[in-house]
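The following questions and answers examine one protein model. Please consult the sequence and the coordinates while reading.

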Amino acid sequence: MIGASGEGIHIRDLREQPSWVLNESWVRAEGVISFAGHPLIFHGHNYGVLGVFFREYICVDVFRLIRQFADHSAAAL
């Protein structure tokens, strides 16, 4: 969905949006709470997706930092 839309996704609490969880037992076992994902786009080309799982809540500022990291990663590719 992230790669197809070209838009990032921020899920602060995966427990409140279980439809985004493919493997609930892994999420519980790892203590994952949040997810952030951004497309890796450079000069109009989509190179993939950077997805990050966190064991703490992701705030908006961290979500933006992950966007910057995704932009730099896409440029490096």
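Q: By class, how many nonpolar, polar and charged residues does the lining of the largest pocket have?
A: In this predicted model, the residues lining the largest pocket include Met-1, Ile-2, Trp-20, Trp-26 and Phe-53. Asn-23 also belongs to that lining, and Asn falls outside the nonpolar and charged classes, so it counts as polar. By class, the lining comprises 11 nonpolar, 1 polar and no charged residues.

Q: What volume does the largest pocket have?
A: Among the residues that line the largest pocket are Ile-11, Leu-14 and Phe-35. The volume of the largest pocket is about 210 Å³.

Q: Which residue of S2 is the bridge partner of Ile-11?
A: S1 and S2 run antiparallel and are joined by 3 bridges. Ile-11 lines the largest pocket. Its bridge partner in S2, likewise part of that lining, is Phe-35.

Q: Why is one side of S1 and of S3 left without a neighbour in the sheet?
A: The sheet is open and has 3 strands in the order S1-S2-S3, with antiparallel pairing. Strand S1 (9-11) and S3 stand at its edges, so one side of each lacks a neighbour, for each has a single partner strand.

Q: What is the average twist from one strand to the next?
A: The strands concerned belong to the open sheet ordered S1-S2-S3. From one strand to the next, the twist averages 15°.

Q: Which residue in the turn of the S2 and S3 hairpin has a positive phi?
A: Strand S2 (residues 34-42) and strand S3 (residues 45-54) run antiparallel and are joined by 8 bridges. One of the bridge pairs is Ile-41 with Asn-46 in S3. The hairpin has 2 residues between its strands, and the one in the turn with a positive phi, of about 50°, is His-43.

Q: At what angle to S2 does helix H3 run?
A: Read along the sequence, the protein follows the pattern α-β-α-β-β-α, and its secondary structure comes to 3 helices and 3 strands. Helix H3 (residues 60-76) lies across S1, S2 and S3. Its angle to S2 is about 30°.

Q: Where in the protein is confidence lowest, and where is it highest?
A: The mean pLDDT of the protein is 94, and 100% of its residues reach 70 or more. Confidence is lowest, at a mean of 92, in helix H2 (residues 24-30), and highest, at 97, in S2.

Note on methods. Residues are numbered from 1 along each chain as its sequence is written. This is a predicted model: local features need pLDDT of at least 70, side-chain atom pairs count only at pLDDT 80 or more; totals for chains, interfaces and linings use all residues. Side-chain values use heavy atoms; hydrogens and water are left out. On a 1 Å grid over the protein atoms alone, a cavity is a set of points where a 1.4 Å probe fits but cannot get out, and a pocket is an open set with protein on both sides within 12 Å along at least five of seven lines; lining residues have an atom within 4 Å of a point. Grid points are joined across faces, edges and corners, and a volume is the space filled by probe spheres set on the points. Two strands pair if DSSP finds at least two bridges between them. Helices (H or I, at least four residues) and strands (E, at least two) are DSSP runs, numbered from the N terminus. Axes are lines fitted to C-alpha atoms, for helices over the stretch in contact, and angles run from 0 to 180 degrees between N-to-C directions. Contact means heavy atoms within 4.5 Å. pLDDT is the predictor's confidence in each residue, from 0 to 100.
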